[in-house]
Amino acid sequence: QVQLVESGGGLVQPGGSLRLSCTASGSISRVDNMRWYRQAPGKERELVTFSTNGGTTNYADSVKGRFTTSRDNARNTVYLQMTSLKPEDTAVYFCNADVLVATTRRWLKVWGQGTLVTVSS
């Protein structure tokens, strides 16, 4: 009924940049809070960024000053611009969103499938 699809992952050298995107599709009335999580090998899932429909954002301390999240609400899309990437940023990045489903008028928390970011020389 509602899907999130991430894209933009790949291999990048330390110090490089990468831009991830996450688009919600389906029977959608509204997308409110959107989040980026990441999970590195052998580690628990970590909240990276948080954003509201109105543009309020929050960042994990580990990425402040390096990552920026932005939204295109008309396209139900959230972006994660990553700069000054470090090897420790290597992880699968997941998008998560609170979506008001048009057909049911219910709020759902929806997850994307994840996109792999590898930071290595």
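Let's start in the loop that connects S8 to strand S9 (91-101), where we find Ser-84. Keep in mind as you look around that this is a predicted model. The backbone at Ser-84 is worth a glance: its phi is near 50°, a positive value in a residue that is not glycine. And how does Ser-84 sit with respect to the surface? Its relative accessible area is 40%, and since partly exposed covers the range between 20% and 50%, Ser-84 counts as partly exposed.

Now step back along the chain to the loop between strand S7 (67-72) and strand S8 (77-82), which holds Asn-76. Here, too, you can check the backbone: Asn-76 has a positive phi of about 50°, although it is not a glycine. With 22% relative accessibility, Asn-76 is classed as partly exposed, because buried would require a value under 20%.

From the loops, let's move to a strand. Arg-35 belongs to strand S4, which spans residues 28-39. Is this arginine buried or exposed? Its relative accessible area is 10%, so Arg-35 is buried.

What does the side chain of Arg-35 meet there? One polar contact, at 2.6 Å, links it to the side chain of Asn-96. Another, at 2.9 Å, joins the side chains of Arg-35 and Asp-98. If you set aside neighbours within four places in sequence, the residues in contact with Arg-35 include Phe-94, Cys-95, Asn-96, Ala-97 and Asp-98. Leu-47, Thr-49, Phe-50 and Lys-109 are also in contact with Arg-35.

Methods: Residues are numbered from 1 along each chain as its sequence is written. This is a predicted model: local features need pLDDT of at least 70, side-chain atom pairs count only at pLDDT 80 or more; totals for chains, interfaces and linings use all residues. Side-chain values use heavy atoms; hydrogens and water are left out. Helices (H or I, at least four residues) and strands (E, at least two) are DSSP runs, numbered from the N terminus. Buried means under 20% relative accessible area, exposed over 50%, partly exposed in between (1.4 Å probe, protein chains only). A polar contact is a pair of N or O atoms within 3.5 Å; within protein, one must be able to donate a hydrogen and the other to accept it, and residues adjacent in sequence count only if both atoms are side-chain atoms. Contact means heavy atoms within 4.5 Å.
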